[in-house]
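Q: Could you take me through one part of this protein at close range, the place where the ligand sits, and then show how the rest of the chain is arranged around that story? I work at the bench, so plain language would be welcome.

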Amino acid sequence: MAAKRILSGMRPTGKLHLGNYVGVLANWVELQDEYDCFFEIADWHALTTGYEHTETIPHDAIEVVIDWLAAGIDPERSVIFIQSDVKEHAELHLLLSMLVTAARLERNPTLKEQIRDLHLGENVTYGHLGYPVLQAADILIYRAHAVPVGEDQLPHLEITREIARRFNSLYGEVFPIPEPLLTRFARLPGLDGKRMSKSVGNVILMSDSPEEIEKKVMTAITDPQKIRMGDPGHPDICNVFAYHRRFNEGEVSQIRKDCESGRLGCVSCKKKCASVIASYLEPLRERRADLEKNPQRLVNILKDGASRARRAAGETMEIVRKAMKFQRLEDAISG
Ligand code: TRP
């Protein structure tokens, strides 16, 4: 039996940070062993909030692809492509947009947050409202069985599932109802304990040099009650400890003991943490450097990905058009 399929995507946000890696990307890398994987750069999705400034999108897309490959996404096994290279997504988006009400999309909590945070008020465009419908098209056009995403994407995925059920009940069973695949590891906090995000400025990038990593980790907020060495610390509320937990499994229980007893001071704990993260990322940094030296390889990977994605998307669109009776138009004319 053929392996089950997954589709996932990221918007072209430029270089990725450790939160992206731990929360989503590391999971994708592992899933390649088990599934047929499609990984998409959602450049049309970037337009929903950024349509006035499109000039940075191609460069930011490339940076994301490089981080994917550096992390171990394997272009032989997985299909890596740019959404706008596969026009079929736009056709399916239009068809699916009929199957969801505007009221349903207006209730989407992610949209409400964006309206609040970006002060959009009445300025929400038709395309922005349709963000989850385009995402549904991305997923359903590959008839994906599962979608590995972070928790923040669950409201969107729920809309995809509703649209798929609606399509199937109206036109016949075409789409599997895709399941979310959440990462096991809890979210990695930013240096300040807030959600790691470039707009907050509290990130460690996957591509940061050892020096940059050390500089950043030294600024991380630890347990506010541990002021000097000798004070007992509380690792469970410490951001640096969260990094040790993810990247320094071998030493984490000793670090907990030494922090709680006061024997380990924050400065040396941070130095250790920075060096562990830096060596974890070293092979990724090397792969990134190789890719940057060989841009043609990147172009070839994306061309090949686009053609494999188009083939799969084209097969689904044949089925969709037939299910919706568009092929009967010719019969109607000739008969
Ligand atoms: N909405 C996703 C994000 O903001 C990006 C995305 C676009 C996506 N299409 C997708 C994710 C399809 C999973 C499946 O990160």
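A: Happy to help; what follows starts with the ligand, moves to the strands, and ends with a few spots elsewhere in the chain. Please keep in mind that this is a predicted model.

Let's begin with the ligand itself. Its surroundings consist of 14 residues, and the closest are Arg11, Tyr131, Gln135, Asp138 and Gln153. Sorted by class, this shell holds six nonpolar, five polar and three charged residues. Strand 1 and helix 8 (131-140) each contribute at least two residues to the shell, and helix 8 gives the most, with four residues.

Now for the polar contacts. Gln135 has a polar side-chain atom 2.9 Å from a nitrogen atom of the ligand. For Gln153, a polar side-chain atom likewise lies 2.9 Å from a nitrogen atom of the ligand. Glu40 takes part too: an N or O atom in its side chain is 3.3 Å from a nitrogen atom of the ligand. As for how covered the ligand is, on its own it has 370 Å² of accessible area, and the protein covers 93% of that.

Helix 8 deserves one more look. Ala137 lies in this helix, and Ala137 counts as buried because its relative accessibility is 0%, with the cut-off for buried set at under 20%. To get a feeling for distance, compare Ala137 with Leu191: the two are 54 residues apart along the chain, and their C-alpha atoms are separated by 36 Å.

Next, the strands. Strand 1 (residues 5-10) and strand 2 run parallel and are joined by six bridges. Within this pair, Ser8 stands opposite Phe39 of strand 2. To get from strand 1 to strand 2, the chain passes through helix 1 (residues 18-31), and this β-α-β crossover is right-handed. Strand 2 (residues 36-41) is mostly covered, as five of its six residues are buried.

On to strand 3 (residues 79-82), which runs parallel to strand 2 and is joined to it by four bridges. Phe39 appears again here, with Ile80 as its bridge partner in strand 3. Phe38, in turn, stands opposite Val79 of strand 3. In a regular strand, side chains alternate between the two faces of the sheet. Strand 3 is covered on both faces: Val79 and Phe81 on one side, and Ile80 and Ile82 on the other, are all buried.

Let's step away to the loops and helix ends. Most residues other than glycine have a negative phi. His119 goes the other way, with a positive phi near 50 degrees. You will find His119 in the loop between helix 6 (109-117) and helix 7 (126-129). His119 counts as exposed because its relative accessibility is 70%, and the cut-off for exposed is over 50%. At the start of helix 6, a side-chain oxygen of Asn108 comes to within 3.1 Å of the backbone nitrogen of Thr110.

Lys325 is another residue to look at for its backbone: its phi is positive, about 70 degrees, although it is not a glycine. Lys325 sits in the loop between helix 14 (295-323) and helix 15 (328-334). With 46% relative accessibility, Lys325 counts as partly exposed.

One more stop is Ser279, in helix 13 (residues 266-293). Ser279 counts as partly exposed, since its relative accessibility is 46%. A polar atom of the Ser279 side chain lies 2.9 Å from the backbone oxygen of Ser275. Measuring tape in mind, Ser279 and Gly127 are 152 residues apart in sequence and 43 Å apart in space, C-alpha to C-alpha.

Finally, here is the whole chain as a backdrop. The protein chain contains 15 helices and five strands. Its C-alpha trace spans about 90 × 45 × 40 Å along the principal axes. Of the 335 residues in the chain, buried ones make up 49%.

If you come back to the ligand with this picture in mind, good places to look are Gln135 and Gln153, each with a polar side-chain atom 2.9 Å from a ligand nitrogen.

Conventions. Residues are numbered from 1 along each chain as its sequence is written. This is a predicted model: local features need pLDDT of at least 70, side-chain atom pairs count only at pLDDT 80 or more; totals for chains, interfaces and linings use all residues. Side-chain values use heavy atoms; hydrogens and water are left out. Buried means under 20% relative accessible area, exposed over 50%, partly exposed in between (1.4 Å probe, protein chains only). Two strands pair if DSSP finds at least two bridges between them. A crossover is right-handed if, with the strands pointing away from the viewer, the path from the first strand over the helix to the second runs clockwise. A residue is near a molecule or strand if one of its heavy atoms lies within 4 Å of it. A polar contact is a pair of N or O atoms within 3.5 Å; within protein, one must be able to donate a hydrogen and the other to accept it, and residues adjacent in sequence count only if both atoms are side-chain atoms. Accessible areas come from the Shrake-Rupley method with a 1.4 Å probe; for residues, only the protein chains shown count as cover. Ala, Val, Leu, Ile, Met, Phe, Trp, Tyr, Cys and Pro count as nonpolar, Asp, Glu, Lys and Arg as charged, and the others, Gly among them, as polar.
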